[in-house]
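Please take the sequence and the structure together and read them alongside the paragraphs below. The text starts with one side chain and moves outward from there.

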Amino acid sequence: MRSVAKEPSKDAPLKNVQMRVSGNSEGAPEDSHSWRRVGPWLAAITALAAALRIIGLNGGLWWDEIYFLIVSVRRPLLQILTVFPSDNQHPLYTVLAWLSIHALGEHVWSLRLPALIFGVASIPMLYLVGASVASRTEALLAAAFLAVSYHHVWFSQDARGYSTLAFWALASTYFLLQGIRTGCRGPWIAYAIAAALGIYTHVTMVFLVASHVLICATMMFSGWRSGSGTVRWRFPIQAFLLAGGLTLLFYAPILVQVQNFFLHRPSPMKAVSTPDWAIWETVRVLILGLGGKVVILLGAGLVVACGAWSYLRQSRFVFALFALPVAITAVGAFLGRGTMYPRFYFFLIGFAVLILIRGIVVIPRWITGSRKGLESGLTAALATVLLAASAYSLIANYRYPKQDYEGAIRFIETARKNEVVLTAGAAIYPLRQYYAKPWDSVETPEKLKAVCDQGRPVWVVYTMPRYLEAAAPGVMEMIRKEFTVIRVFHGTLGDGDVYVGQYNRPA
């Protein structure tokens with residue numbers, strides 16, 4: 001098989017991309033660094049990432065994990081492959097979780113084990129992507145930051161497909177870069193497999209692949225207009241077609257169900273999970289992940305802007321690989337079911353980290369005029385601040401489970417005497433279906449009032465008040481007015497605290 005460099009007249013578009021990817025001093029790959037020097041550092045960072053993700057892995061499940069376990073993972077494998085109950089099922093992750101609990105037993109940690117494995121594997125994969133477009137030093141710093149990232153640790157301990165999806169996003173991007181750089185068929189076949197497995201994990205991977213198609217199509221069209229031909233684009237075209245074919249093969253048993261769900265079933269949370277809410281929630285979780293300090297978030301924002309500018313100067317191609325998926329994901333999510341959640345963008349976290357690290361590297365260079373001593377010192381200081389802030393945030397991740405239903409149960413069973421215990425909102429399903437508590441549920445204010453009028457003391461357990469307000473505003477209003485919160489069981493899930501309230505009986 002001939003390499004790209006052997007026929008430059010047929011390869012101008014791809015060769016130009018190679019030059020634009022690595023032809024800038026601000027981010028040129030350092031091929032002189034051997035794996036003997038880099039390998040031990042990367043191994044140590046990966047080991048640290050594994051340790052940080054094992055700590056607290058067996059903490060309490062949150063609502064989505066509980067629903068996912070009951071509705072999907074506990075079903076027979078054939079049913080998992082042929083039934084799509086809701087978007088709560090991430091098909092590939094469901095299969096992996098089924099295999100895990102059948103091999104190791106049903107535990108919280110075994111349900112989350114695939115998320116941990118792919119979360120840890122994302123660390124070296126991010127390094128490979130970083131070393132393809134930047135220096136090995138930047139790639140190592142990016143891997144280190146991802147290793148201690150609050151958000152990446154959180155999702156690596158979440159029995160959902162998001163850390164798996166982040167891995168496939170990095171892997172497909174790496175193989176795309178390798179395919180363009182080498183002109184060989186192998187990386188493109190690997191790209192197609194990674195892309196298809198990513199889409200089978202979660203359909204939002206389609207937006208990343210769509211961005212790759214648009215970028216490559218633009219480059220191909222540009223080469224065609226310049227008269228350089230499109231012969232060397234046959235491998236990318238074949239890869240995209242293969243990715244599409246594999247995706248259809250994976251989804252074949254549930255394709256119609258998936259189509260009907262996303263195109264014909266508007267989300268009941270459309271009025272709650274709005275783009276405006278998603279923006280402010282993103283700001284909140286970013287502050288949480290950077291030590292809880294707004295000033296650090298503002299500083300990180302400036303660093304990201306500088307890093308993005310540097311990548312744009314280096315290569316419009318690489319910048320598009322990082323930035324275009326964000327825009328396409330936003331448009332696709334809004335047009336799909338009309339809801340927006342910050343976690344929709346989590347699979348792009350690797351690209352965000354690379355841009356952040358680029359900012360850490362270039363800002364000292366711009367300030368000091370490339371005076372090596374000052375530049376290195378300032379770079380080290382910036383990196384230390386951001387790494388320390390991110391690592392500090394992990395304390396909050398380990399302090400509480402994602403949702404503390406178990407803490408609420410222990411409190412009630414210890415303190416309860418003659419009280420009637422009711423469940424409301426998002427507390428109903430976990431407490432009744434997973435924890436098998438015989439507590440009645442209330443979906444209407446009339447039912448809640450009827451129980452309160454019976455004369456016995458009444459407690460109510462609820463969580464996610466924002467969703468309870470949207471689904472049953474009368475119930476939430478009555479709880480606010482006529483109940484006193486006696487205990488709050490905190491969790492790391494936004495709006496996921498579990499509340500125990502006591503009815504204020506009129507004198």
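Is Glu413 buried, partly exposed or exposed? Glu413 has a relative accessible area of 49%, so it counts as partly exposed; the cut-off for exposed is over 50%. The model is predicted, and the values that follow are computed from it.

The side chain of Glu413 forms a salt bridge with that of Lys437, at 2.4 Å from N to O. Glu413 belongs to helix H19 (residues 405-415), whereas Lys437 sits in the loop between helix H20 (428-434) and strand S2 (440-442), so the salt bridge ties together parts that are 24 residues apart in sequence. Lys437 has a relative accessible area of 19% and is buried, since buried means under 20%. The pair therefore joins a partly exposed glutamate, Glu413, to a buried lysine, Lys437.

In general, side chains of opposite charge can pair when their charged atoms come close. How many salt bridges does a search of the whole structure find? The search finds eight. One of them links the side chains of Glu138 and Arg358, with an N to O distance of 2.9 Å. Glu138 is in helix H7 (residues 136-147) and Arg358 is in helix H17 (residues 349-368), so this pair ties together parts that are 220 residues apart in sequence. Glu138 is buried, at 3% relative accessible area, and Arg358 is buried as well, at 0%. Another salt bridge is formed by the side chains of Lys447 and Asp440, at 3.3 Å from N to O. Here Lys447 is partly exposed, with 30% relative accessibility, and Asp440 is partly exposed, with 36%.

The next topic is the chain as a whole. The protein chain has 23 helices and five strands. Of its 507 residues, 53% count as buried. Among contacts in the protein chain with a separation of 6 or more, 76% are between residues 24 or more positions apart. The chain exposes about 21900 Å², of which carbon and sulfur atoms supply 65%.

One nonpolar patch on that surface covers about 220 Å² and is made by Ile189, Ile193 and Leu242. Of these residues, Ile193 is found in helix H10 (residues 185-201). Ile193 is partly exposed, with a relative accessible area of 40%.

Now to the strands. Strand S5 (residues 498-503) has five of its six residues buried, so the strand is largely enclosed by the rest of the structure. Which strands pair with S5? Strand S3 (residues 458-463) pairs with S5 in the antiparallel sense, over five bridges. Within S5, Tyr499 stands opposite Tyr462. Strand S4 (residues 483-489) also runs antiparallel to S5, and six bridges join the two. Val498 in S5 is the bridge partner of Phe489.

Helix H23 (residues 473-482) packs against some of these strands. The buried residues in H23 are Val475, Met476, Met478 and Ile479. Seen down the axis of H23, these buried residues fall within an arc of 160°, so they line one face of the helix. The background is that an α-helix has 3.6 residues a turn, so residues three or four places apart point the same way. The face of H23 turned away from the buried side carries Arg480 and Lys481, which are exposed. What do the buried residues of H23 pack against? Their partners are strand S1 (420-425), helix H21 (445-452), S3, helix H22 (465-471) and S4.

Met476 shows this packing at the level of one residue. At 2% relative accessibility, Met476 is buried. Leaving aside residues up to four places away in sequence, Met476 touches Tyr462, Pro465, Leu468 and Glu469. Tyr462 is the residue that stands opposite Tyr499 in S5. Between Met476 and Thr444 the C-alpha to C-alpha distance is 9.4 Å, and the two are 32 residues apart in sequence.

Note on methods
Residues are numbered from 1 along each chain as its sequence is written. This is a predicted model: local features need pLDDT of at least 70, side-chain atom pairs count only at pLDDT 80 or more; totals for chains, interfaces and linings use all residues. Side-chain values use heavy atoms; hydrogens and water are left out. Patches are made of residues with over 30% relative accessible area and no salt bridge: like charges are joined within 9 Å, nonpolar side chains (Val, Leu, Ile, Met, Phe, Trp, Tyr) within 5 Å. Accessible areas come from the Shrake-Rupley method with a 1.4 Å probe; for residues, only the protein chains shown count as cover. A salt bridge is a side-chain nitrogen of Lys or Arg within 4 Å of a carboxyl oxygen of Asp or Glu. Helices (H or I, at least four residues) and strands (E, at least two) are DSSP runs, numbered from the N terminus. Buried means under 20% relative accessible area, exposed over 50%, partly exposed in between (1.4 Å probe, protein chains only). Contact means heavy atoms within 4.5 Å. Two strands pair if DSSP finds at least two bridges between them. The arc is that of the directions from the helix axis to the C-beta atoms.
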